[in-house]
Amino acid sequence: MTTIIKNGLIHDAVNAQPYVGDILIQDGKLAAIGPGLETPEGAAQVDAAGRQIWPGLVEAHGHIGLDGWAVGYEGQDYNEYNDPVTPQLRAIDGINPFDESLRDAVRGGVTTLCTGPGSSNVLGGTFACFKPVGTCIDDMALLPQAAMKCAFGENPKRCYREKGISSRMNTAAKLREMLFRAREYMEKLDAAGDDPAKKPAFDMKLHALLPVLRGEIPLKAHAHQANDILTAIRIAKEFGVRLTLEHVTEGALIVDELVKADVPLAIGPTFGQPSKIELQNKSWRTPAILSAAGCRVSIITDSPVTQQSHLRFCAAMAVQNGMPEFEALKAITINPARHIGVEGRVGSLEPGKDADLVITDGDLFSMQSSVLETWIDGVKRQ
């Protein structure tokens with residue numbers, strides 16, 4: 001299938017200035033981008049004159065598909081409350097492809113999602129990266145296991161106060177304990193080689209942490225408060241593991257430390273008033289401050305905390321509070337794609353990448369504009 005979209009104002013998330021041009025799509029991929037492209041024989045043509053074209057938006061952190069649309073407690077499936085340490089859980093085993101939230105994502109121009117366990121557990125399990133179209137998550141997934149969720153701060157204390165956690169110190173200690181045990185387990189496995197008699201007894205929790213210790217996936221650390229952010233960085237350094245920081249509510253208080261750490265930051269959700277003490281410094285200025293300092297910033301909805309289709313409006317609020325529009329665009333496209341490890345396929349309009357794009361009738365960051373079309377893998381989905 002070949003399609004050419006003609007004469008749109010292209011914002012590619014690579015060049016700061018948009019330009020009028022054409023986009024050639026072949027077999028679900030971006031084949032060519034630029035002005036005056038020749039239309040291949042038999043290609044479907046779309047006239048985008050007067051329209052604006054953007055990369056499909058990317059959500060770096062949420063719980064969509066696990067905590068769904070119009071469901072009560074019985075429909076929530078994003079936290080395991082029977083055990084504070086559950087690294088063996090996988091989001092891919094719980095995501096509901098028929099959740100209306102995924103249709104809402106498409107309506108809002110969001111074409112790639114990273115979703116997984118919530119923040120109740122010290123270790124919650126693995127996040128999955130996928131596209132919001134399809135009926136089988138195995139076919140929808142770009143990365144079935146994209147990151148290992150861990151959490152600091154008030155949530156583990158609140159959820160497991162009666163089951164052994166009542167302080168930040170114990171949360172950190174439990175994470176360290178699991179990483180120590182998993183490292184020892186890995187060393188024994190490696191030393192055993194192909195000799196089954198020398199291998200340690202299988203431990204599903206420790207086995208689930210091997211991709212973290214081997215650098216295959218990062219720890220995805222829920223941390224709002226400045227001291228929690230620094231604890232996450234400290235532990236990641238101790239074990240030599242990759243890290244991404246999620247929420248980063250008080251990041252503006254420790255800018256120099258975050259610049260030094262040089263880890264990806266997913267900031268949000270920021271809509272709504274602070275609902276707990278660790279959110280007291282929540283501000284729309286945080287993305288602008290950290291981006292200006294040179295940090296790798298993504299903006300997130302934490303869906304369903306904020307409705308998934310409102311991702312572009314979260315970026316618009318950052319723009320209203322000092323973030324340049326191009327930086328805000330990158331914060332909901334290529335930066336989150338890098339944050340979750342899929343930048344080779346999505347996040348910008350470049351030849352060779354998946355043909356995921358959004359067509360609007362105006363500025364993406366304007367409440368007055370609408371998402372007219374959302375394309376995923378070269379197919380118009382709305």
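In the predicted model, the protein contains twelve helices and 16 strands. Its radius of gyration is 21 Å, close to the 21 Å that the globule rule gives for 382 residues, so the protein is as compact as a globular protein of that length. The C-alpha trace spans about 65 × 50 × 40 Å along the principal axes. When contacts between residues at least 6 apart in sequence are considered, 68% of them join residues at least 24 apart.

With regard to solvent exposure, 57% of the 382 residues count as buried, and the accessible surface of the protein comes to about 15700 Å², with carbon and sulfur atoms accounting for 48% of that area. The charged side chains comprise 38 positive and 47 negative groups, and the centres of these two sets are separated by 5 Å.

The largest nonpolar core is made up of 81 residues, among which Leu 245 and Leu 258 touch the most other members. Helix α4, covering residues 168-192, supplies the largest share of this core, with eight residues. Once neighbours within four places in sequence are set aside, the contacts of Leu 245 include Leu 258 itself, together with Ala 221, Ile 229, Ala 232 and Ile 233. Further contacts of Leu 245 are made with Val 263, Pro 264, Leu 265 and Ala 266, and also with His 339.

Two individual positions, one in a loop and one in a helix, were examined in further detail. His 63 is placed in the loop that runs between β6 (57-62) and α1 (100-107). The relative accessible area of His 63 is 6%, under the 20% cut-off, and this residue is therefore classed as buried. Beyond its neighbours within four places in sequence, His 63 is in contact with Tyr 78, with Thr 115, Gly 116, Pro 117 and Gly 118, with Phe 127 and Lys 149, and with Asp 302, Ser 303 and Pro 304.

Val 212 belongs to helix α6, which covers residues 210-213, and is likewise buried, having a relative accessible area of 0%. Leaving aside neighbours within four places in sequence, the contacts of Val 212 are with Met 148, Ile 217, Leu 219 and Val 241. Val 212 and Ala 70, which are 142 residues apart in sequence, lie 34 Å apart in space as taken from C-alpha to C-alpha.

Note on methods
Residues are numbered from 1 along each chain as its sequence is written. This is a predicted model: local features need pLDDT of at least 70, side-chain atom pairs count only at pLDDT 80 or more; totals for chains, interfaces and linings use all residues. Side-chain values use heavy atoms; hydrogens and water are left out. Helices (H or I, at least four residues) and strands (E, at least two) are DSSP runs, numbered from the N terminus. The radius of gyration is taken over C-alpha atoms; the globule rule is 2.2 Å times the number of residues to the power 0.38. Buried means under 20% relative accessible area, exposed over 50%, partly exposed in between (1.4 Å probe, protein chains only). Contact means heavy atoms within 4.5 Å. Accessible areas come from the Shrake-Rupley method with a 1.4 Å probe; for residues, only the protein chains shown count as cover. Lys and Arg count as positive and Asp and Glu as negative; His and the chain ends are not counted. The place of a charge is taken as NZ of Lys, CZ of Arg, CG of Asp or CD of Glu. A nonpolar core is a set of buried Ala, Val, Leu, Ile, Met, Phe, Trp, Tyr and Cys residues joined through side-chain atoms within 4.5 Å.
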